[in-house]
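Biologist: I am new to this structure and would be glad of a close look at one part of it, followed by a connected account of what surrounds that part. Please take your time and name the residues as you go.

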Amino acid sequence: MRKSDFSSQKALLIEDMAEARIMQKKMLSDFGFETIEIAMKAETAIDLLKTQSFDVILSDYNLGNGKDGQQLLEEVRYSKLIPNTTTYLMVTAETSIEMVMGAIEFQPDGYITKPFSQAVLQRRLSKLLETKHKLIDVNQALDQKNLPKAIAEAYKVMEKYPSLEGKCQRVIGECYLEMKEYQQAKSLFSSILVNRKMPWALFGEARACFYLNQLEQSENKFRQLMLDNRFFVSAYDWLAKIKIAQKDNKAAQVILVDALERSPKNLLRQMELGRLSLIIEDYPTAEFAFRRAVSLAKHSCYNTPEVYLNHLLTFAKLSEKTPISSRQKETFQITLKKVHQLFFDDPSVRAKSYSYEISVFLNSNEINSAKNTFQLWTQDVEAGIAVAPTDKQSSQYTLAFEV
Amino acid sequence: MKKMDISTILASAIHESKNQVGTLLYQLQGLKESLPANNANEKRITVIEESLKKLNDEWVEYLYLYKLASNGYELHVDKFLLDEFLDDQVFALLASANAKNLELSYHCDSELTGFFDERLMTAVVGTAVYNALRFARSEIQINASLEYDFLVISIEDDGQGFTAKQEDEEFLESNTGLGLYFAKLSASAHVCNDKEGFLRKEKSTGLGGAKLAIYLPQ
């Protein structure tokens, strides 16, 4: 086998246990990696990935109290924080391998089970890099978002290396889905399933059916996937989408709550539950979901103002119906403070934040506080650092302040 | 006190032990690196290392066996190039074979691909090779080929071969029976188009000893 040259490559090692970290670092430096960055937990890894790019990521599945390796992978792949050309190798134990293999949607390029020797790691890495090299044109096209080119390159690779057929077909199917060529995606995935029940193909087919509005068919396929793969929690998200499309929001909410019991640390799912709960006016659930989302957001790729503003909004809605407790007010203030610290440079965030604050004050009969906030807002508008209240808001406030 | 399922208890006990074997292996690796090259104890350390590796592989086998037997194993079938898969297996087991002065090699068409669960088949091939290590005189071969709708992976040696008597004794007296049972469950977990995987115990035509063939539906 051809020996890989690691000398021009950058590696990121993510491992929480000191002993294993020291040894793996030694292994990597023996292979000759140009630089090796170290993260002891997922959150640190994300911070590193935001500013640097790596050729190889070696991450343990088990990362202590924070996010696990799979959640990290899903987050950085979803938010495109790592390019498709980067190789992600997951280190697992016998107990965690099922979680990794069952995830279907976001899988690492390879896995290695503990304990492993230096020789085994070197071999695994060399092989993975070789495969990545064969797929380089496909992955570069994907990174450039040139999907037709990615498809064309995938067909080329498939012809040259028949053993990569599955990987290439998967890329092609995913490209069709992203290009909204749902019929084409569906026939591709279906043709693969004729010969072999590959979970990724079933997942692709189920999504194609969803987009083609064949909701019942889609639901059956997702249910089948859930039956075959206990750890494929994403299927719940899709079932919830199906229920929403069928205008059964209550059922969708039940599904999401169930999924979150299985993996409470999923920020996007918490957000989805929050949004859905707002729609069906279940404000306590919405508040809880966004509160969890806020606490998860800081060290994630999804640290957007939307998360925090939605949490504030739930208090405005909650207080419309019943007076909110002093504890709830405290929670509101905590999130409000975070909005001030993180996002107050954005004029529209500033405006929304003020408006929710005024609503909570007005609903709690704290007219003077509401007036003060409104005054701050007006000053900021004059200074050009906040968007002005809408006409509707202005007239509502004027009316309220007169009473 | 509520009575607990003994197999579950054993499975988690094995898991604990396996982790400790892992730690030992890491420590041994550190020790090896701290010693000067070509020292007198190198051979002995290799023996310990190989034994620990084997122990680790056995624990893995037992864990999978438990999961297969309790329907808790989730099969993850993917397509593999046999040339690569078998190369990996030989790479992992070669040191053990060499320690016993045995040859270990694999043979298959370089283009041959097949669908199977990699972890399970790694454990099965490992189990079969460890078993063959006990009987082979000089050589063990792993072969793979396609027979109609089945991928056949066989482990052959130049030992005495299976005899009716030996089989029964093995089943009762050593872990070979357990290994065979594990291989059988692993093969039959592979199902495709209503066809189920199975095992065949034969005489090796090439080497004259035992041949364990695993048939996997494609």
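Modeller: Strand 5 of chain B, which runs over residues 150-157, is mostly covered, since six of its eight residues are buried. This is a predicted model, and what follows describes that model. On one side of the account stands strand 4 of chain B, residues 139-147, which pairs with strand 5 of chain B in the antiparallel sense over eight bridges. One of the places where this pairing can be followed by eye is B:Glu147, whose bridge partner in strand 5 of chain B is B:Phe150. Strand 4 and strand 5 of chain B form a hairpin with two residues between the strands, and in that hairpin B:Tyr148 takes a positive phi near 50 degrees. Strand 5 of chain B also pairs with strand 9 of chain B, residues 210-217, again in the antiparallel sense, here over seven bridges. Within that pairing, B:Ile153 has B:Ile214 of strand 9 of chain B as its bridge partner.

Staying with strand 4 of chain B, a residue worth finding there is B:Gln141. B:Gln141 counts as buried because 22 other C-beta atoms lie within 10 Å, where the cut-off for a buried residue is 20 or more. Leaving aside residues up to four places away in sequence, B:Gln141 touches B:Ser105, B:His107, B:Glu156, B:Gly206 and B:Leu207. The pair B:Gln141 and B:His107 shows how the chain comes back on itself, for these two are 34 residues apart in sequence and yet 7.5 Å apart in space, C-alpha to C-alpha.

A second buried residue of chain B can be found in a helix, namely B:Leu120, which lies in helix 4 of chain B, residues 118-135. B:Leu120 is buried because it has 24 other C-beta atoms within 10 Å. Its contacts, not counting residues up to four places away in sequence, are with B:Tyr64, B:Ser186 and B:Ala189. The C-alpha atoms of B:Leu120 and B:Glu61 are separated by 8.4 Å, although the two residues are 59 residues apart along the chain.

These details belong to a chain whose secondary structure comes to six helices and nine strands. Of the 218 residues of chain B, 37% count as buried. Among the contacts in chain B between residues at least 6 apart in sequence, 71% join residues at least 24 apart. The C-alpha trace of chain B spans about 55 × 55 × 40 Å along its principal axes. Chain B has a radius of gyration of 18 Å, and this agrees with a compact globule, because such a globule with 218 residues would have a value near 17 Å.

In soluble globular proteins, nonpolar side chains tend to be buried together. In this model the largest nonpolar core has 109 residues, of which A:Ala11 and A:Ala293 touch the most other members. Not counting residues up to four places away in sequence, A:Ala293 touches A:Leu267, A:Gln270, A:Met271, A:Gly274 and A:Val307. There is also a second, separate core of 47 residues, which includes B:Val21, B:Leu82, B:Ile155 and B:Leu212.

Turning to chain A, strand 1 of chain A, residues 10-14, is mostly covered, with four of its five residues buried. Strand 1 of chain A pairs with strand 2 of chain A in the parallel sense over five bridges, and A:Leu13 stands opposite A:Ile38 in strand 2 of chain A. Both strands are part of an open sheet of five strands in chain A, with the order 2-1-3-4-5 and parallel pairing. Its edge strands, each pairing on one side only, are strand 2 (35-39) and strand 5 (110-113) of chain A. From one strand to the next, the twist averages 20 degrees. Towards the strand 5 edge, strand 4 of chain A, residues 87-92, pairs with strand 5 of chain A in the parallel sense over four bridges, and A:Leu89 stands opposite A:Gly110 in strand 5 of chain A.

Finally, the two chains meet: 17 residues of chain A are in contact with 19 residues of chain B. On the side of chain A that touches chain B, helix 4 (97-102) and helix 8 (165-178) of chain A are the elements that give two or more residues, and helix 4 of chain A gives the most, with three residues. By class, that side of chain A has four nonpolar, six polar and seven charged residues.

Technical notes. Residues numbered from 1 in each chain as written. Chains lettered and ligands numbered in written order. Predicted model: local features only at pLDDT ≥ 70, side-chain atom pairs only at ≥ 80, totals over all residues. Pairing = 2+ DSSP bridges. Axes fitted to C-alpha atoms, helices over the stretch in contact; angles between N-to-C directions. Contact = placed C-beta atoms within 7 Å. Nonpolar A, V, L, I, M, F, W, Y, C, P; charged D, E, K, R; others polar. Buried ≥ 20, exposed ≤ 12 C-beta atoms within 10 Å, placed from the backbone. Rg over C-alpha atoms; globule rule 2.2 N^0.38 Å. Core = buried A, V, L, I, M, F, W, Y, C linked by C-beta atoms within 7 Å.
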